[in-house]
Amino acid sequence: MEGPQSVFLVLLLSLLLPLGPPWHTAAQRCPQICVCDNSRRHVACRHQNLTEVPHAIPEMTQRLDLQGNMLKVIPPAAFQDLPHLTHLDLQHCQVELVAEGAFRGLGRLLFLNLASNRLSVLPQEALDGLGSLRRLELEKNLLEELRPGTFGALGALSTLNLAHNALVYLPAMAFQGLMRTRWLQLAHNALSVLAPEALAGLPALRRLSLHHNELQALPGPALSQAASLARLELGHNPFTYAGEEDGLALPGLRELLLDHGALQALDARAFAHCPRLHTLDLRGNQLDALPPLQGPAQLRRLWLQGNPLWCGCRARPLLEWLARARVRSDAACRGPPRLRGEALGGLRPSDLRCPGPGDADAAEEEAAGAESAQPGAPARELGARPCPRPCVCASESRHSGCEGRGLRAVPRGFPDDTRLLDLRRNRFPVLPRDAFPGLGRLVSLHLQRCGITALEAGALAGLGSLLYLYLSDNRLSGLSAAALRGAPGLGYLYLERNHFLQVPGAALRALPGLFSLHLQENAVGRLAPGDLAGVQALRWLYLSGNRITQVSPGALGSARELEKLHLDRNQLREVPTEALEGLPALLELQLSGNPLRALQDGAFQPVGQSLQHLFLNSSGLEQVAPGAFSGLGPRLQSLHLQKNQLQALPSLPGLSQLELVDLSGNPFLCDCQLLPLHRWLTGLNLHVGATCAAPPSALGQRVKAATAVFEACPGWAARKAKRTPGAGRARMKGRRRGADKVGKQRGRP
């Protein structure tokens, strides 16, 4: 009986046990437009013009990449059949609405990317069901407000990125429920007001990024709610003063960045309640003097480069304190003339002359320093003048607004301590001379969508403190230097979506401190020499979406400090290599969306030692010369070549520090000419998205993994012979060693 019983048990077990892991049975359901990696449980359906989440995605999928589609709406329970997802990428999907309960059922999701979409609001229950989520990317959307409770279900979230949105206000308890969040990114918004309780409920927050906003005063009470902060980034905000009365109290703060703002004065006890402060960055402000700081006894680094420090008698206490407290500083003297350019730390107290009996030279220097001194702390009791009737003037924030009131002329009579003036969506065809009298303290002026066709000479007269000027979405076709001359300190000029046929170079000569110029979506046809002659301080130049066919040699040469150059979505037929000469600081070059078709040898040679990010996607590229990327060295971090027409691409062995390479959406011909690229990709520990479009036997395979195609190529056997003899196990070990080596070169563990 034992024999028949054994046979019966074997048959019973064969019926009860599944034939294989669920992934293998589900793998047959991979949608035709997607690429399914069975071994890693990854599915990618990128740039396929999908309008809904594909059906028949394997149930065991852990990573799903849908970026670059046209989903527009994420409906309720859109991913309920994929309970094992840990990573979901929905960036660049034109998403306008996330329905309530859209992600219910994704209890294991760790990473959700909704960046670069069109979200203007998040319903209160849109993120329900994501209790395990660690990282949420919402940058580059159109969010204007956050509703309390929106993030209440994200108790495990570590990083929340809301940068590059349109937020103007943070309400109380905006981030309630984020008990484990350590980094909150709010940079590049339009935040001007933080409710006192806006940051309450963030007990684990260690880093807060608020740079590039419209904060008119240091929001001490709101910031102090985040008591665990170690790093606070507040640079590129227009407030002019910081003092103890601002109420900043952060006992664990180690790094405070207030760089490139509008600071004119700093009280000695401004950071008295930040006892552990180690690094204070005040670069690029308007400080001509600084008192010894009281309170932060652990301060060791004080960055002051780019401030107009006057090294006269008033600077002696600062110099003595730096030495006594052993604080390292990069402060340099703007004056007097005999000390201009000298490092403050290299001077002795006796070098800083103090007037004495009969010392006419010292008295003259001190008088010159007082004459050139910037205004001190703004008086808090100013602003007694009445507010124009159709407008609202907030005394606490020093903001005045008349948005969308149907005004035909700029009102008069705003409080004289106004810092931000919002006149958007009115009707001012022409800005007349002296349009803003009595507003010498104004920092930010909003004139978007006002139908403006011209600024008369002297229109900005008296706006000596103006840092931000928004003239987007008007009908301007030109500007004159006489119109801008009244705002010599202007740093950010927004001229998007006007009628400019050329860069207003002559007018820009009136703005020697211009930092960022926005001319997107105009009708500029070319960049000519002299267009940027007056903007030696320019760092960012945005010319996306124009009609530029030529960038002449020398057109950019005056802007030697340029860091970002956006020329995407123009009509360039070749890389403007000669025009890139003389840009030693360029970090980011955007050329996507131009009809380039081919890249010549040495196309980026002039910026090879500085460039970090290069965008060439959607450029119709069909050919890339072997030396096209020569000169681009170890600083390059990202290379974007997706959505072109490349059938071949040379290997890129010189780009050793790449962190991102995107080759998706190209019809690669996987033949022997592509063998060098295959070898390079095999040693690269990155996902690059390169797939074979031909021959038919390799259709849809990753170039990196299409070994069978390349085994017949000349040179393959020689390479194989160099490996350690043995079967597949030894070969895989060799590959792992190569990948580990690449990882170490990038500084990864």
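## A guided tour of the predicted model

Begin by selecting Pro336, which sits in the loop between β22 (333-335) and α5 (360-372). The model is predicted. With Gly335 and Pro336 displayed as sticks, inspect the peptide bond that joins them: the bond is cis, with omega at about 5°.

Next, zoom out to the whole protein chain. How many helices and strands does the protein chain have? There are 11 helices and 43 strands. If the 749 residues of the protein chain are coloured by burial, 50% of them fall in the buried class. A surface representation corresponds to an exposed area of about 32900 Å² for the protein chain, and carbon and sulfur atoms supply 51% of that area. Contacts may be considered at this scale as well: of those in the protein chain with a separation of 6 or more, 54% are between residues 24 or more positions apart.

Return to individual residues and select Ala694 together with Pro695. A cis peptide bond links Ala694 to Pro695, and its omega is about 0°. Pro695 belongs to the loop that runs between β43 (692-694) and α9 (707-710).

The following stop concerns backbone phi angles. Select His188, in the loop between β11 (183-185) and β12 (193-194). His188 is not a glycine, yet its phi is positive, at about 55°. Is His188 buried or partly exposed? The relative accessible area of His188 is 22%, and His188 is therefore partly exposed, given that buried means under 20%.

Move on to Asp434, located in the loop between β26 (430-431) and β27 (444-446). Asp434, likewise a residue other than glycine, has a positive phi of about 55°. Because its relative accessibility is 34%, Asp434 counts as partly exposed.

For the last stop, select Ala44 in strand β2, which covers residues 42-44. Which residues are in contact with Ala44, once its neighbours within four places in sequence are left aside? They are Cys34, Val35 and Asp65; showing these three alongside Ala44 displays the contacts. Then add Arg63 to the selection and draw a distance between the C-alpha atoms of Ala44 and Arg63: the two residues are 19 residues apart in sequence, and the C-alpha to C-alpha separation in space is 8.2 Å.

Key: Residues numbered from 1 in each chain as written. Predicted model: local features only at pLDDT ≥ 70, side-chain atom pairs only at ≥ 80, totals over all residues. Heavy atoms only, no water. Helix = DSSP H or I, 4+ residues; strand = E, 2+ residues; numbered from the N terminus. Buried < 20%, exposed > 50% of the residue type's maximum accessible area, 1.4 Å probe, protein only. Contact = heavy atoms within 4.5 Å. Areas by Shrake-Rupley, 256 points an atom, 1.4 Å probe, with all protein chains shown as cover.
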